[in-house]
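Biologist: Please take me slowly through one part of this structure, as I am new to reading models. I would like to see how a pair of helices meet and what goes on around that meeting point.

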Amino acid sequence: MKNILIMGIGRAGKTTLSKMIKNKYNSYNLIHSDSLKWAMIRAKNEEEYYIKNIDKQKEFEHGEYFQRTLLELYKSLIRNDKEGYGYILESGQLQPKIVKEMIDFNNTIVLCLGLGNLTAEDMTKQCIKYDTKESWTYSLSKDYLLEHAKDWYNCNEMLKKECPKYGIRYIDTSTDREKILSEILEKLFI
């Protein structure tokens with residue numbers, strides 16, 4: 001089976017799609033980039049600092065060092081996958097240029113989920129709509145979410161522009177998300 005890398009912005013359906021794939025093709029190993037992020041932060045005993053300083057947390061996870069470390073781990077796991085179960089990497093921190101540079105597109109399906117032409121305000125509504133108790137955004141105020149949504153908007157605009165340039169499929173999940181994710185799942189290996 002091919003490995004799968006799902007990148008994109010918050011509330012575009014990355015985690016939902018990765019779980020759908022895992023449920024349908026249960027041999028896959030699933031990696032959430034946030035797990036590595038928090039492992040690296042906890043290893044330095046800085047969890048409390050990064051929880052209180054979300055801007056610094058975002059700076060760390062969107063930095064080139066973290067992205068390259070994440071992709072090196074992913075590549076290492078793939079190389080050592082002797083049984084061929086395959087890996088799904090789900091990440092909201094990756095830049096298309098770095099993905100193209102580091103990932104073998106012949107061996108990996110790379111998808112980017114975005115929110116099309118939504119405004120920051122619409123992205124805030126989308127975030128609230130799909131929030132769960134496990135979401136880091138769950139207990140945040142609407143005003144605070146709107147501040148983050150401004151960053152999501154800028155990231156979304158960059159992904160729409162950069163993904164095609166690097167041969168990465170950008171998929172708009174801003175409307176009828178469940179249907180779009182189901183269609184991706186059905187066509188994944190066709």
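Modeller: Let us start where the axes of α2 and helix α5 (residues 64-79) come within 11 Å and cross at roughly 115°. Helices here are DSSP runs of H or I with at least four residues, while strands are runs of E with at least two, and the numbering goes from the N terminus. An axis is a line fitted to C-alpha atoms, for helices over the stretch in contact, and the angle between N-to-C directions can run from 0 to 180 degrees. The crossing of α2 past α5 is right-handed, a word used when the near helix is turned clockwise from the far one by less than a right angle, left-handed being the anticlockwise case.

Which residues make the contact? On α2 they are S33, L36, K37 and M40, and on α5 they are Y65, F66, T69, L70 and L73; contact means heavy atoms within 4.5 Å. Sorted by class, there are six nonpolar, two polar and one charged residues in this contact. Nonpolar covers Ala, Val, Leu, Ile, Met, Phe, Trp, Tyr, Cys and Pro, charged covers Asp, Glu, Lys and Arg, and the others, Gly among them, are polar.

Before going on, a word on how to read this: it is a predicted model, in which local features need pLDDT of at least 70 and side-chain atom pairs count only at pLDDT 80 or more, whereas totals for chains, interfaces and linings use all residues. Residues are numbered from 1 along each chain as its sequence is written, and side-chain values use heavy atoms, with hydrogens and water left out.

Now pick out M40, which sits in helix α2. M40 counts as buried because its relative accessible area is 16%; buried means under 20%, exposed over 50%, and partly exposed in between, using a 1.4 Å probe and protein chains only. Apart from neighbours within four places in sequence, M40 touches F60, Y65, F66 and T69.

K37, also part of this contact, leads us to a group of charged side chains. D34, K37, K58 and E61 are linked in a network of salt bridges, a salt bridge being a side-chain nitrogen of Lys or Arg within 4 Å of a carboxyl oxygen of Asp or Glu. D34 and K37 pair up with their closest N and O atoms 3.8 Å apart. These partners are three residues apart in helix α2 (residues 33-43), so about one helical turn separates them. K37 is buried, with a relative accessible area of 3%, while D34, at 33%, is partly exposed.

The other pair is K58 and E61, whose side chains meet in a salt bridge of 2.8 Å, N to O. K58 and E61 lie three residues apart in helix α4, so they too are about one helical turn from each other. K58 and E61 are buried, E61 with a relative accessible area of 1%.

What joins E61 to K37? Their side chains share a polar contact of 2.9 Å, meaning a pair of N or O atoms within 3.5 Å; within protein, one must be able to donate a hydrogen and the other to accept it, and residues adjacent in sequence count only if both atoms are side-chain atoms. E61 lies in helix α4 (residues 54-61) and, leaving out residues up to four places away in sequence, touches D34, K37, F66, Q67 and Q93.
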